[in-house]
4 protein chains.
Amino acid sequence: MEIIQTGVTDVQEHCCSSLDERKSHHSSKTKAALTARLNRIEGQVRGIKGLIEKDTYCDDVLNQIAAVQSALNGVGKLLLTEHLKSCVVERIQDGEVEVIEELLKTMNTLMK
Amino acid sequence: MEIIQTGVTDVQEHCCSSLDERKSHHSSKTKAALTARLNRIEGQVRGIKGLIEKDTYCDDVLNQIAAVQSALNGVGKLLLTEHLKSCVVERIQDGEVEVIEELLKTMNTLMK
Amino acid sequence: MEIIQTGVTDVQEHCCSSLDERKSHHSSKTKAALTARLNRIEGQVRGIKGLIEKDTYCDDVLNQIAAVQSALNGVGKLLLTEHLKSCVVERIQDGEVEVIEELLKTMNTLMK
Amino acid sequence: MEIIQTGVTDVQEHCCSSLDERKSHHSSKTKAALTARLNRIEGQVRGIKGLIEKDTYCDDVLNQIAAVQSALNGVGKLLLTEHLKSCVVERIQDGEVEVIEELLKTMNTLMK
């Protein structure tokens with residue numbers, strides 16, 4: 001999974017935390033970009049189901065699965081980049097260095 | 001991506017090729033297993049869209065994305081295992097060694 | 001590559017930067033752990049050369065290569081964990097948020 | 001890890017098996033290519049030890065580790081390609097389809 005430096009962030013994203021639940025505040029632009037990508041992925045997954053139903057040659061289906069993996073990686077990268085630039089920086093600046101442990105754990109899960 | 005040795009194959013899968021288009025013939029059991037997994041993935045992707053819409057904390061969303069990546073890897077593994085055990089073996093036994101080049105290319109794409 | 005939460009850091013690692021060149025100051029314990037792992041990897045690589053020289057069956061050699069990959073991932077994880085906990089936190093707290101771009105770039109390279 | 005289609009194979013590699021031990025017979029050209037790459041990797045690992053000893057900034061060391069990972073992946077790919085084209089094809093043609101289980105297991109290990 002490759003983390004890309006994106007220029008998608010415009011309005012300063014920020015991540016506020018209240019006593020009960022931590023929230024993130026992506027710009028509408030980032031939210032729209034993430035949602036559009038996920039819509040496409042949803043369609044691709046449905047497409048793969050159709051290929052399998054029609055006994056499409058395995059190799060062709062495997063390449064479609066690789067395409068969805070790549071698209072999903074793209075969503076993960078975009079979100080991790082936004083997270084690093086907003087939540088992680090803010091929480092470190094607020095003295096909450098335990099965010100690093102959280103980050104390490106999530107990076108582990110993403111990179112399996 | 002981890003290739004698992006599955007015992008899902010029961011009725012001998014086989015992959016027949018006609019002059020115009022190569023097809024694969026998974027057992028109904030394998031097709032049902034693949035379709036069930038893909039249905040779940042489709043639902044997970046929809047779920048992630050909902051999380052983003054509700055400004056869920058990035059770290060939680062990232063972990064959901066990792067879960068879908070893992071599920072998708074599972075589908076890829078299952079299909080690659082069936083492909084190796086049927087199409088690839090058959091085509092090599094029929095003297096079509098060029099299937100190895102096709103396999104290398106697809107493994108490349110899957111492992112990016 | 002999996003990032004492990006290690007308890008290796010004892011004495012507070014810190015990363016100081018002077019005008020000309022950025023340095024890191026691992027504890028002697030961390031430096032010894034990294035060096036010991038790298039010594040083992042060096043020996044494993046030499047071992048693989050010997051296997052190839054003796055026409056060892058490819059599958060056995062491939063498994064040795066996977067072992068070295070895993071060991072090397074371990075070194076990368078250990079170092080990235082120390083880096084996040086020291087340099088990255090310090091530089092963010094000093095207002096140098098550009099360290100995030102550097103981190104994203106390096107994570108990209110490591111995860112190819 | 002990306003499996004590349006290499007043109008390195010010239011003289012037909014083949015993989016013979018005797019009752020006691022399975023051997024592979026790479027061409028001298030393939031053996032020289034593998035050994036040269038491993039020599040370079042060994043040198044790179046020694047280089048990284050030196051960087052750590054001199055307290056080189058973590059990010060620079062991490063990028064060196066990524067370079068060795070990439071070089072090691074290259075060796076793995078080259079060997080897996082040769083293995084598929086020789087041992088795997090031969091054993092399938094000899095009716096030893098259990099080589100597929102061995103291949104799946106090794107691909108699993110390599111792709112962790």
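Is D59(A) buried or exposed? Keep that in mind as you move through this predicted model.

**Stop 1: chain A by itself**

Select chain A and switch to cartoon. You will find three helices and zero strands. Follow the chain along its sequence and the pattern reads α-α-α. Chain A has 112 residues, and 53% of them count as buried. Now look at contacts within chain A between residues at least 6 apart in sequence: 56% of these join residues at least 24 apart.

**Stop 2: D59(A)**

Zoom in on D59(A), which sits in helix α2 of chain A. Here is the answer to the opening question: D59(A) has 8% relative accessibility, so it counts as buried. The cut-off for buried is under 20%.

Which residues is D59(A) in contact with, once neighbours within four places in sequence are left aside? Show chain B and select H83(B), E102(B) and T106(B). Show side chains for D59(A) and T106(B): the two make a polar contact at 2.2 Å.

**Stop 3: from chain A to chain B**

Keep chains A and B on screen. Turn chain A by 180°, with a shift of 0.0 Å along the axis, and it can be laid on chain B with an RMSD of 0.0 Å. Where does chain A come closest to that rotation axis? Select E42(A), whose C-alpha lies 2.9 Å from the axis. Both copies use the same surface, since 100% of the contact residues of chain A recur in chain B.

**Stop 4: the contact between A and B**

Colour the residues that touch across this pair. Chain A puts 46 residues into the contact, and chain B puts in 47. About 4400 Å² is buried between chain A and chain B. Carbon and sulfur atoms give 63% of that area.

Next, look for charged pairs. How many salt bridges are there between chain A and chain B? The count is six. For one of them, select K31(A) and D55(B): their side chains meet in a salt bridge, 3.0 Å from N to O. Polar contacts join 26 residue pairs between these two chains, both residues being at pLDDT 80 or more.

Now colour chain A by helix. On the side that touches chain B, α1 (28-53), α2 (58-93) and α3 (99-110) of chain A each supply at least two residues. Which helix gives the most? Select α2(A), which gives 18 residues to that side. Then recolour the side of chain A that touches chain B by residue type: 22 are nonpolar, 12 polar and 12 charged.

**Stop 5: over to chains C and D**

Hide chains A and B, and show chains C and D. Chain C superposes on chain D by a rotation of 180° with 0.0 Å of shift along its axis, at an RMSD of 0.0 Å. The two copies are thus related as by a two-fold rotation axis. In chain C, the C-alpha nearest the axis belongs to E42(C), at 2.9 Å.

Stay on E42(C) and add R46(D). These residues form a salt bridge, with their closest N and O atoms 2.8 Å apart. Between chain C and chain D the count is six salt bridges. Across the interface of chain C and chain D there are also 26 residue pairs in polar contact, both residues at pLDDT 80 or more.

**Stop 6: the surface of chain C**

Why can one say that the copies meet through the same surface? Because 100% of the interface residues of chain C are also interface residues in chain D.

Select the residues in this contact: 46 come from chain C and 47 from chain D. The area buried between chain C and chain D is about 4400 Å², with carbon and sulfur atoms giving 63% of it. Which residues of chain C lose the most area to chain D? Pick out I52(C), Y57(C) and L62(C), which together make up 16% of what that side buries.

**Last look: D59(A) again**

Bring chains A and B back and return to D59(A) in helix α2 of chain A. Find T106(B), whose side chain is in polar contact with that of D59(A). H83(B) and E102(B) are also among the contacts of D59(A).

Note on methods:
Residues are numbered from 1 along each chain as its sequence is written. Chains are lettered from A and ligands numbered from 1 in the order in which they are written. This is a predicted model: local features need pLDDT of at least 70, side-chain atom pairs count only at pLDDT 80 or more; totals for chains, interfaces and linings use all residues. Side-chain values use heavy atoms; hydrogens and water are left out. Copies are superposed by least squares on the C-alpha atoms of residues with pLDDT of at least 70 in both. Contact means heavy atoms within 4.5 Å. Buried area is the accessible area (1.4 Å probe) that two parts lose on being put together, summed over both. A salt bridge is a side-chain nitrogen of Lys or Arg within 4 Å of a carboxyl oxygen of Asp or Glu. A polar contact is a pair of N or O atoms within 3.5 Å; within protein, one must be able to donate a hydrogen and the other to accept it, and residues adjacent in sequence count only if both atoms are side-chain atoms. Helices (H or I, at least four residues) and strands (E, at least two) are DSSP runs, numbered from the N terminus. Ala, Val, Leu, Ile, Met, Phe, Trp, Tyr, Cys and Pro count as nonpolar, Asp, Glu, Lys and Arg as charged, and the others, Gly among them, as polar. Buried means under 20% relative accessible area, exposed over 50%, partly exposed in between (1.4 Å probe, protein chains only).
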